[in-house]
Amino acid sequence: IETLKIWNSALLKSAKLIFPMLIFSVFFAETIMTCMYGNLYSESAIYFIIKNLSGLFVIIPFYPIILAIGKTKAYAHVHMVIAFIVVVSEYLVCKTCDSAVYVAVTSEICNLLKIWLLMRVIANYAHKRIVDLLYPKMLGQLLLISILASLPPFILFKVIAVNKWISLFLSMSFFLIDYYVLCY
């Protein structure tokens, strides 16, 4: 039980740091990609968005808690099952779909399935429901605040055309100010 308290504290602290960055990156994915890699990479923003959205769930530190509760065998089994599912599902997607985006989405769905299975291991050990381990209200508030802080600069720089670097730095500045005000 003490381990779960530490885990919950780490989860909330991680979410407070990571959620705002991920949400900002989702809104400004195209700008970030073109600033980092050039205009030819603007189309890869969709992959960046997919990865960032799944990142909202990857903040959960599984291995330390599973190690602490002695469920390393279950951890290994989950990873083995997911590896099999990834290979089969991505093969099927490659054979049936004509877009690499579907492969990326399939990979992230498998990753979310892995997270859900690992959460079940921990929840079963703690005799709790998965939702009781996650603080959905607090995580939802963080998500909402991050989205609300991202919207004004996103809308502003969709209307006003400026240099991509200026747009990125100003939008980040506006986002940080909005986020601070909303959190306060």
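**Group meeting: an all-helix model**

Hi everyone, let's begin with the surface: the accessible area of this protein comes to about 11,300 Å², and 70% of that belongs to carbon and sulfur atoms. Please keep in mind that this is a predicted model.

What does the secondary structure come to? There are 9 helices and 0 strands, so to speak an α-α-α-α-α-α-α-α-α run from the N terminus on. Along the principal axes, the C-alpha atoms fill a box of roughly 55 × 50 × 20 Å.

Now, how is the chain packed? Of its 184 residues, 35% count as buried. If you take the contacts with a separation of 6 or more, 74% of them come from residues 24 or more positions apart.

For those of you who like electrostatics, the protein has 14 positive and 8 negative charges, and the mean positions of the two sets are 12 Å apart.

Let me finish with one element, helix 9, which covers residues 164-183. From first C-alpha to last, this helix of 20 residues reaches 28 Å, close to the 28 Å expected at 1.5 Å a residue. Which residues of helix 9 are buried? They are Ser167, Leu168, Ser171, Phe175 and Tyr179. Looking down the axis of helix 9, you'll find these buried residues within an arc of 90°, so they line one face of the helix. On the other side of helix 9 sit Ile177, Tyr180 and Val181, which are exposed.

Thanks for listening, and I'm happy to take questions!

Notes:
Residues are numbered from 1 along each chain as its sequence is written. This is a predicted model: local features need pLDDT of at least 70, side-chain atom pairs count only at pLDDT 80 or more; totals for chains, interfaces and linings use all residues. Side-chain values use heavy atoms; hydrogens and water are left out. Helices (H or I, at least four residues) and strands (E, at least two) are DSSP runs, numbered from the N terminus. Buried means under 20% relative accessible area, exposed over 50%, partly exposed in between (1.4 Å probe, protein chains only). Contact means heavy atoms within 4.5 Å. Accessible areas come from the Shrake-Rupley method with a 1.4 Å probe; for residues, only the protein chains shown count as cover. Lys and Arg count as positive and Asp and Glu as negative; His and the chain ends are not counted. The place of a charge is taken as NZ of Lys, CZ of Arg, CG of Asp or CD of Glu. The expected span of a helix is 1.5 Å times one less than its number of residues. The arc is that of the directions from the helix axis to the C-beta atoms.
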